[in-house]
Amino acid sequence: MISKTWETLLVVKLLWIIPAIPMLAAGVLALTPRGYRRMAASLAIGSMVLAFLFSCLAFYATMIPLPYSEAWRQSYNVPWFDIGHETVRVGWVLDPLSALMLAMVTFVGTCIFVFSTGYMAEDENFTRFFGFLTLFAGAMLGLIISNSLLLLFICWELVGLASYLLIGFWFHKPSAAAAAKKAFMTTRIGDLGLLIGMVWLYSETGTLLFYDGGFGCLETKALIGLVTPAISGGTLAVTGIALLIFCGAIGKSGQFPLHVWLPDAMEGPTPVSALIHAATMVAAGVFLVGRMLPLMGADMILFSGSSPTLYIVAMVGSFTALFAALIAVAQTDIKRILAYSTVSQLGYMMMAIGVGGYPAAIFHLLTHAFFKALLFLGSGSVIHGCHHEQDIRRMGGIAGSMKITFATYAVGMMALSGVPFFFSGFWSKEAILHAALTWTPSMLPFIFGLCGAFLTAFYMTRMMGYVFFGNYRGDSCHAPHESPATMTVPLVILAVFAVLLGFAGTSFWPWCQSYLTAQRVRFGWEEFLHAWPLTGGSIAMVAAGIGLGWKLYISRPVGGADAPDILETMHPKIYNCLKNKFFVDEFYAATWVRWCGAFASVSDWMERFVWGGMMRGAAFFTACLALLNSETDERVVNGSFDGGCKVLKASSGKLSLFQNGKAQRYLCVIGAAFALLLLALEMGVKL
Amino acid sequence: MTQTPWLSLLIFVPWVMALGLACFYRKDGDAAKKAALVFSLLPALVTLFLVGHFDAARAGMQFVERHDWIPSLAVEYCLGLDGFSLPLVILTTILVPFAILASWQEKKTDGVFYALILFLQGNLYGVFTALNFFPWFLFWEMSLIPAFFLIRIWGGQGRIAAATPFFIYTMLGSAAMLLSFLALYISVGTFDFVKLAELGRTGVIEGALYANLGLTPADSNMWVTLVFFGVLLGVAVKVPLFPFHSWLPAAYAEAPTSVTILLTGALSKMGVYGFLRLLLPIFPGVIREWLEVLLALALAGIIFSAFAALFQKDLKRMLAYSSINHLGYCLLGIFAAAASTHEVAGAATEIAATLNGVVVQMFSHGISAAALFCFVGWIETRGGGLRGLEDFGGLRKAAPIFCGLFGISAFSSLGLPGLNGFIGEFLIFKGVFALVPWAAVGATVGLLVTALFLLTCMEKVFHGPLPEKWEKWPDLSLFERVTMLPLAALMFVIGLCPQMLVGLVNPCSTRMAEWLSRLWI
């Protein structure tokens, strides 16, 4: 055990190398000229593979046999800069959460990097693309290992920057440029909440380090301080801080009401959507809430066992899960369907954390990362094969011509839908629903979750029907074709994991749960049998969803490219509402965006007339003073001045000259005024 | 005094050089430009020496030079350097050569132009190092004169309408400040900043003012309040503090690029420095008394100017409003530092954080705003005088390096972590939130809108389709890249290793924070 601890310590100390490798690559790539395409791709993939190997090492270091000693979470902090007699420190932490995330991000990242070499092969800014991707990878890995909310926030903003750059990668398209701005701005709204939460936490606990040998802000001492009114100055501090931090997570993870940026983010190249807007970055919000869980749930003590913060987290998550799934039903852009699906799945994860199923949430985060990356890359392959067509109404029947893509896509679809037993999504979703069922404060998350499961199965089947079955409805001169091996091999690898990963968290062998919580979770027949009605119910929901989808979109092939959706013919009003995403974007455009513009024009008006008028008034006042002075000169002191003064007299009298801006005149006026006032002050002294 | 008068050298070398330029290179603009660049780099040697020999662990004044000037009026020629002034001296040293390089292609300039810039440089050093009101005020006023003529003669179309209000407004402020200091002198008999701060700290000033000027009966607060507002007016116009800012957008927009860089990068810092050196140490009690009002003004400046920037269609005016916004955070921090602290745990640390943040923010803003204004100048030159938000589009395709470096500067300006802007903003928000939570929360609106207008600028100018007429848009030349390199490098260095800058400031702000937190009035 001693040697093991020593090893762990060394690994922790050097953990910074993992994000540093891609960051370094990003720095090099930023200076690489456009022509060096091969070098750029090799450098990016090489850095990612290296980071993956180091991550595996870190992962191995956390595999300490149960029961865990205190060594299961190690952190290492370094000073950054001074304020007063204190020092702001940052650091990194190695625990099961960060180790799992490191392994996942580097592995999925490597697959997507390889895929990109094929997908982006014809792009003239290929080198830049890999530069941005590695910047993202570095920032994301930094975010994962951060042991300080400050460092986490820095990396958090940097992944936001990378996301901005990559969404707007095809910047010549106005829609892409607008989507990039929208993404940055929308997440920044949440980030400002996070910033305020962070400085509040800093002022309450005096530290932003998560773990610091008993003095970190997530450790018992600080938490007790936070919930003790005498110290924190009010019972609301801990809830307020936690909710503000949650604001950041809402923005990043596309939760309602800040979800609007994520579907628009699909303007970016598809590998970007897979890596950033499905597998990793958007999950950062869930990761943040998971990382801050001790703080999030700390107000439990104040509210007799049920935490208002976690209640809100659960409600926001479950509402988003259902809300986004509903929208996904009526979308026709292949990537937007997946984007709304991502929003919905992130809602599940938030809900899971809120209802107390933290391991279930992280487990779902991992499985989702794999199968959603798979689906996005699959859709990239489809788009590539269909000559950059994204509208599912113009696809169809391509199962035959794109066999590998179809097979892997089907695996992804079944994993996402939660098809029982052999697909990872089933087990993780089951764990979440189980946690929601046992949550006492409200049944809503469970009900929403169950409805969401039905809808997920339905819209995924609908999508399969549109894309792979029926007749090809696209441009008939260009037949769809299978993608090159650089694209299909990552698909196969991800598909394998979309199946296998599920077995790390089944209720028969809940390894993931034990590993994350550092407590041995045992399989018990009694609980298993107890949970069976739930499992049966959710399987029935999935079956109903797939069955209905099959009936509507596969057994009866979709009509022509312009034929209305079958749901549209059945319920045009509801379909229209869903298709327009419940008009949330329109609502924001009519309210916040308009108010912002109106306030800007009011500000400008005030600048011109009110404050500008004040300045003109002051100028006029000065001018009057000058006039008075010159008049005094003319009439009172007239004749007693020498020749030099006559020059002054001639030139200082005219207001027009004054406005010509001769500085010495003003000096003269003001000098005279000083003299007068000085005299007054002197007299004041004498009085 | 056998020591080398390093600080005097800093001031007089540019003056002498300016005189030389004005005498010998009057007509030959090109030669004057080259000579000016070399001359403006001479103070860099002195600055390097100062940085090398500055004892960062000490809070007090260093390199002090003290000579009697007018003994009967307690006027001394007194210079010194501490953690608050050193970063600004460094900033001036960086920005003046940068400003000269930024408008290298400018044809209209002649020897007098560069002479005025060097004269301004010397005066800036004077303002940042003088420790006695009399020489300080001389430098302060003398920096206004070259700035005025630089706008008035070499400015754009509306230069007259811009230069005159600028001059009158700042002059009025200065007049009020001068009166206040005369009143202070009459009451306590000194012009020395260090002594005045000592008296301000111990609360002697209020009583002395009352005793010496006491025209008014019982209300002893009146004089100190009046004197305070006199000084406030002087420095507030310079920063500017809302609502004394309306001279700024026109002046910044009409000034030639290099002058705008100096106006925003260095001259506006004179104002903030005035707050830090004069108002906060001498009148902490009055600031505390008027805290809500002053914070509301700073906040109004932050919010209104951000929204006004959002409305602007002229890039230079947009950046001008952005400058008001950024310096608003500095003022917010300075006012909050004087807040009553009896309910704040660890108040000294919070105040120290705020003051560190203020200085870092000043420095960062100097760097980022200078870079952005320089880019707009280059856009103007390339675009044949156009600099409207809607005049361009898709330039990133034609000039990727231009766009990349502009993007770095814009993100540094909007406070992206990893670059310089974030450090200052984080420290200010940290401190201000602990001291006056509502002010910090209100100021976040400014952060949001800043991001919005800078990203809109990126979107409109650099993204979207490239119009045919800009297809030949030249990317940055090697000369321009080399010009921008030091600033871009500084953005990263300060963002990643803030200790290099914070380490200089921290002892000073810690000392000031300690006595501010103990202050009971």
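Helices here are DSSP runs of H or I at least four residues long, numbered from the N terminus. With that settled, Lys581(A) can be placed: it sits in the loop between helix 25 (572–579) and helix 26 of chain A. Keep in mind throughout that this is a predicted model.

**Backbone oddities**

Most residues other than glycine have a negative phi, and most peptide bonds are trans. Lys581(A) goes the other way, with a positive phi of about 55° although it is not a glycine. A residue counts as buried if 20 or more other C-beta atoms lie within 10 Å of its own. Lys581(A) has 21 of them within 10 Å, so this lysine is buried.

Chain B has a residue of this kind too: Ala74(B), which is not a glycine, has a positive phi near 60°. Ala74(B) belongs to the loop between strand 1 (62–70) and strand 2 (75–81) of chain B. Its count is 18 C-beta neighbours inside 10 Å, so Ala74(B) is classed as partly exposed.

Then there are the cis peptide bonds. One runs from Phe256(A) to Pro257(A), with omega near 5°. Pro257(A) is in the loop between helix 10 (236–252) and helix 11 (261–264) of chain A. Another cis bond joins Phe242(B) and Pro243(B), and there omega is about 0°. Pro243(B) is in a loop as well, between helix 9 (221–238) and helix 10 (248–254) of chain B.

**Chain A and the long helix 26**

Chain A has 29 helices and two strands. Of its 687 residues, 54% are buried. If you look at contacts in chain A between residues at least 6 apart in sequence, 77% of them join residues at least 24 apart.

Helix 26 of chain A covers residues 584–635, and Ala619(A) is part of it. How far apart in space are Ala619(A) and Tyr588(A), C-alpha to C-alpha? They are 43 Å apart, with their positions 31 residues apart in sequence. Ala619(A) has 19 C-beta neighbours inside 10 Å, so it counts as partly exposed. Setting aside neighbours within four places in sequence, what does Ala619(A) contact? The partners are Pro165(B) and Ile168(B), both in chain B.

**Where the chains meet**

The contact between the chains takes 58 residues from chain A and 70 residues from chain B. On the chain B side, helix 6 (residues 159–188) gives the most, with 15 residues. By class, that side of chain B has 47 nonpolar, 17 polar and six charged residues.

**The core and its helices**

The largest nonpolar core has 458 residues, and Ala373(A) and Leu332(B) touch the most other members. Helix 15 of chain B gives the most to this core, with 22 residues. Not counting residues up to four places away in sequence, Leu332(B) touches Leu295(B), Ala298(B), Leu299(B), Ile302(B), Ile428(B), Val432(B), Ala439(B) and Ala443(B).

Two helix pairs of chain B are worth setting out. Two packed helices are described by the angle between their axes and the distance between the axes.

| Helix pair in chain B | Angle | Axis distance |
|---|---|---|
| Helix 15 (residues 347–382) and helix 18 (residues 420–435) | about 150° | 7 Å |
| Helix 13 (residues 291–311) and helix 19 (residues 437–462) | about 15° | 9 Å |

Angles over 145 degrees count as roughly antiparallel, and helix 15 and helix 18 of chain B are therefore roughly antiparallel to each other. Their crossing is left-handed. Among the residues making this contact are Glu350(B), Ile351(B) and Ala353(B) of helix 15 of chain B, and Ile428(B) and Val432(B) of helix 18 of chain B. Sorted by class, the contact residues of this pair are 11 nonpolar, 10 polar and three charged.

For the other pair, the angle of about 15° makes helix 13 of chain B roughly parallel to helix 19 of chain B. Helix 13 of chain B also passes helix 19 of chain B in a left-handed crossing. The residues involved include Leu295(B), Leu299(B) and Ile302(B) of helix 13 of chain B, together with Ala439(B) and Ala443(B) of helix 19 of chain B. This contact has 14 nonpolar, three polar and no charged residues.

Note on methods. Residues are numbered from 1 along each chain as its sequence is written. Chains are lettered from A and ligands numbered from 1 in the order in which they are written. This is a predicted model: local features need pLDDT of at least 70, side-chain atom pairs count only at pLDDT 80 or more; totals for chains, interfaces and linings use all residues. Two residues are in contact if their C-beta atoms, placed from the backbone, lie within 7 Å. Ala, Val, Leu, Ile, Met, Phe, Trp, Tyr, Cys and Pro count as nonpolar, Asp, Glu, Lys and Arg as charged, and the others, Gly among them, as polar. Axes are lines fitted to C-alpha atoms, for helices over the stretch in contact, and angles run from 0 to 180 degrees between N-to-C directions. Angles under 35 degrees count as roughly parallel, over 145 as roughly antiparallel, 65 to 115 as roughly perpendicular and the rest as oblique. A crossing is left-handed if the near helix is turned anticlockwise from the far one by less than a right angle, and right-handed if clockwise. A residue is buried if 20 or more other C-beta atoms lie within 10 Å of its own, exposed if 12 or fewer, and partly exposed in between; C-beta atoms are placed from the backbone. A nonpolar core is a set of buried Ala, Val, Leu, Ile, Met, Phe, Trp, Tyr and Cys residues joined through C-beta atoms within 7 Å.
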